Amino acid sequence: MTDFFNTYGNLMVLMVFNAMLGLSLYLPLMAGQLSLASPGFYALGGYIGAVFSTKVFQSSDGAFPVSYVLLEMLVGGLASGVLAIVVGIPALRLRGIYLALATIAFVEILRVLSLNLTITGGAIGIFGIPQPFNRPLKYLYIAGPLLLFSMFFMYRLERIRAGRALTAIREDELAAGAMGINPTYYKVLAFTLGAILAGMVGALSAHFLNTWNARQGTFDASITYLTFALIGGSRTFVGPVVGAMLLTALPELLRFLGGIDQLPQSVRDLFLNGRLIIFGLLIVLGTIFFPQGIITPRLWERRRRTKAVRPAESNL
Amino acid sequence: MTLTQFFQNVLNGLSIGSVYAIFALGYTLVFSILGIINFAHGSVFTLGAYFTYMLTGLAVGFNGILATTRLPFALPFILALLVGSGLAGLVGVLIERLAFRPLRKRGSDRLLSLVSSLGVAVVIVNLIQYLVGAEAYSYRSDPFGLGQPTVNFGTPERPIPVRSVQLVIFAVSVVILIVLTLIINRTRLGKALQAVAEDTVTARLLGINTDRLILFTFFVSGFLGGMAGTLVATSQSITGPYFGIAFGLKGLAVIVLGGLGNIPGAVVGGFVIGLAEAFVPSQYVAYKEAVAFALLFIILLIRPQGLLGRVQVQKV
């Protein structure tokens, strides 16, 4: 069992990180807004964590204090949130593909900036970021509760006024506006919440990865997070979490399949070296055959309906 | 800035701008008909460059499963350029059949076709890496057989040297632009294309075979993408399977600048961005990559319909 945790500790932490990044993209998607900006905020949070821990807090001997990591996550989240409000208010007037394109531009501009500024270490980036834990798996002490909290938060959000307003905007923005919902307010709110989460994960991830550079916030990452949400399912917060965990584990699964001796050499070779080809194919097939994603509310809706119908009838 | 530099910048800007234009036309043709962005276009650009490389009879490198193979024949460069672009066009057709048509027939959300085209891009990029490895490839030196590396536009005393390959790129792109304009405006096929772009359902009622026309559009789009890829590769080299990603993103800036789905707009946008990049002062050259995205972001905020676009009336 210890072996298992040593081998897959990294993977498990990544799965939890990615689940939160999937949620960060899912938040604006709740309001029907396709924003691909999450990697930008993730990169920003990471740079804040990296700069603070290597330049501001000169760490003494031993492990880096966990309280500082939490502080960095707080700062990373806040900075991302502020940037999200500044960018979001003008950008969220755009819809559909236009918003997606504007957020792609936002991520690219941040990437070019981080490649050229001195504080971000230019093309080399920042390395030697101190470790608060002696084993990768221990990052779950921070990441695990954060994911659980985010999921609880999402669970509540989907059931209160703000969450229902987001759903209303997704279904029909004009009608939602006519009902007295301020679409811009709620869209910026969802966008900002997603940015805060991405920024916090970024700050933690900088420690986990030990180095941070401009490759952390790229268009590729935007695609990956979007895939988490759409393959997992974009109608409930469970979707992006499950999607992120499955898709993050998939390359490892393929590596495992590639190690089975009974398979023909060419197939094993494809599993080992062509993992991303299979990943891409699954994205295409997933959109065609699971347009709603793997996890849909329908999975548990029937059970709830039988419970909910009776009180509704008694009101009539 | 001296007058010499000014002329050099203009000519270089026109040259790269013309490639942006033909590449972006590939995006915009598909968008004008289907209202979706084909995110696999950048990877078709890459494929086109590789196809031309193979067709000129050069051998594959040592990595990848096709290591050191070469075609049994070698085409002259111009012919290889045309055939390679044609093959890229066929890949475009394949993408339409496998990734777009199944979703269209199911009446899926347009965002899903965006995701499936991203999936195709992931497949193509990694397939290239799997087959021919990730190293850079260069064409034979002086592929067009020009003899001299630069052409002097000034007097012998005050030379204004411009790389001759840039001039050929400009010439080829302009020829392609003229041919395409003639096809769209003067032929029955082009008229049908415009009709479908205006209103798919009505065009079908009037007896236009829309499915065949969509296939044709994807062929032309792939052809233009592959051609642009080869042209860019002649002035630098094929930098690896990710060759087309940056160009693909920049193409998005071009089409938004000109107006999504607007064919003259894509040409104008291409030249505007090409010239804007050429005039970035040399001390800020590291920020050149951000110019297109900054323009994209600004234009989306102040004039989302693009420079030449029409304002779309919002329907309830």
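Helices, as I use the word here, are DSSP runs of at least four residues, numbered from the N terminus. I keep that in mind throughout, and I note at the outset that the model is predicted.

**Entry 1: B:Phe45**

I looked up B:Phe45 and found it in helix 2 of chain B, which covers residues 41-55. Is B:Phe45 buried or exposed? I recorded a relative accessibility of 0% for B:Phe45, so this residue counts as buried. I then listed what surrounds the residue, leaving aside neighbours within four places in sequence. B:Phe45 is in contact with the phenylalanines B:Phe23, B:Phe243 and B:Phe247. The glycines B:Gly225, B:Gly226, B:Gly229 and B:Gly244 also touch B:Phe45, and B:Ala228 and B:Val232 complete the list. For a distance check I chose B:Asn209, which is 164 residues from B:Phe45 in sequence. The C-alpha atoms of B:Phe45 and B:Asn209 are 28 Å apart.

**Entry 2: B:Val175**

I turned next to B:Val175, which lies in helix 5 of chain B, residues 164-186. Its relative accessible area is 48%, so I entered B:Val175 as partly exposed. I also compared its position with that of B:Ala21, 154 residues away along the chain. The C-alpha atoms of B:Val175 and B:Ala21 are separated by 12 Å.

**Entry 3: where the two chains meet**

I examined helix 4 of chain A (residues 96-116) beside helix 11 of chain B (residues 288-302). Their axes come within 9 Å and cross at roughly 145 degrees. I noted the crossing as left-handed. Which residues make the contact? From helix 4 of chain A, I wrote down A:Tyr98, A:Leu101, A:Ala102, A:Ala105, A:Phe106, A:Glu108, A:Ile109 and A:Val112. From helix 11 of chain B, I wrote down B:Glu289, B:Ala290, B:Phe293, B:Ala294, B:Leu296, B:Phe297 and B:Leu300. Sorted by class, this contact has 13 nonpolar residues, two charged residues and no polar ones.

**Entry 4: salt bridges**

I began this entry with a general point: side chains of opposite charge can pair when their charged atoms come close. How many salt bridges does the structure hold over all chains? I recorded eleven, and I followed three of the pairs in detail.

The pair A:Glu171 and A:Arg235 has its closest N and O atoms 3.8 Å apart. I placed A:Glu171 in helix 6 of chain A and A:Arg235 in the loop between helix 9 and helix 10 of that chain, 64 residues apart. A:Glu171 is exposed, with a relative accessible area of 52%, whereas A:Arg235 is partly exposed at 39%.

The pair A:Glu173 and A:Lys187 has its closest N and O atoms 3.2 Å apart. A:Glu173 belongs to helix 7 of chain A and A:Lys187 to helix 8 of chain A, with their positions 14 residues apart. A:Glu173 has a relative accessible area of 17% and is buried. A:Lys187 is buried too, with a value of 3%.

In chain B I looked at B:Asp211 and B:Arg104, whose closest N and O atoms are 3.7 Å apart. B:Asp211 is in helix 8 of chain B and B:Arg104 in helix 3 of chain B, so their salt bridge ties together parts 107 residues apart in sequence. I entered B:Asp211 as partly exposed at 22% relative accessibility, and B:Arg104 as partly exposed at 29%. Through shared partners, salt bridges join B:Glu96, B:Arg104, B:Lys105 and B:Asp211 into one network.

**Entry 5: A:Arg268**

I found A:Arg268 in helix 11 of chain A, residues 265-273. Its relative accessible area is 18%, which is under 20%, so A:Arg268 is buried. What does its side chain reach? I noted the backbone oxygen of A:Ile260, at 3.5 Å. Beyond residues up to four places away in sequence, A:Arg268 touches A:Gly258, A:Gly259, A:Ile260, A:Asp261 and A:Leu263.

**Entry 6: positive phi values**

I closed with two backbone angles. A:Asn210 has a phi near 75 degrees, a positive value in a residue other than glycine. I located A:Asn210 in the loop between helix 8 and helix 9 of chain A, and its relative accessibility of 32% makes it partly exposed. B:Asp142 is not a glycine either, and its phi is positive at about 55 degrees. This aspartate sits in the loop between helix 4 and strand 1 of chain B. I entered B:Asp142 as partly exposed, at 36% relative accessibility.

Conventions. Residues are numbered from 1 along each chain as its sequence is written. Chains are lettered from A and ligands numbered from 1 in the order in which they are written. This is a predicted model: local features need pLDDT of at least 70, side-chain atom pairs count only at pLDDT 80 or more; totals for chains, interfaces and linings use all residues. Side-chain values use heavy atoms; hydrogens and water are left out. Axes are lines fitted to C-alpha atoms, for helices over the stretch in contact, and angles run from 0 to 180 degrees between N-to-C directions. A crossing is left-handed if the near helix is turned anticlockwise from the far one by less than a right angle, and right-handed if clockwise. Contact means heavy atoms within 4.5 Å. Ala, Val, Leu, Ile, Met, Phe, Trp, Tyr, Cys and Pro count as nonpolar, Asp, Glu, Lys and Arg as charged, and the others, Gly among them, as polar. Buried means under 20% relative accessible area, exposed over 50%, partly exposed in between (1.4 Å probe, protein chains only). A polar contact is a pair of N or O atoms within 3.5 Å; within protein, one must be able to donate a hydrogen and the other to accept it, and residues adjacent in sequence count only if both atoms are side-chain atoms. A salt bridge is a side-chain nitrogen of Lys or Arg within 4 Å of a carboxyl oxygen of Asp or Glu.
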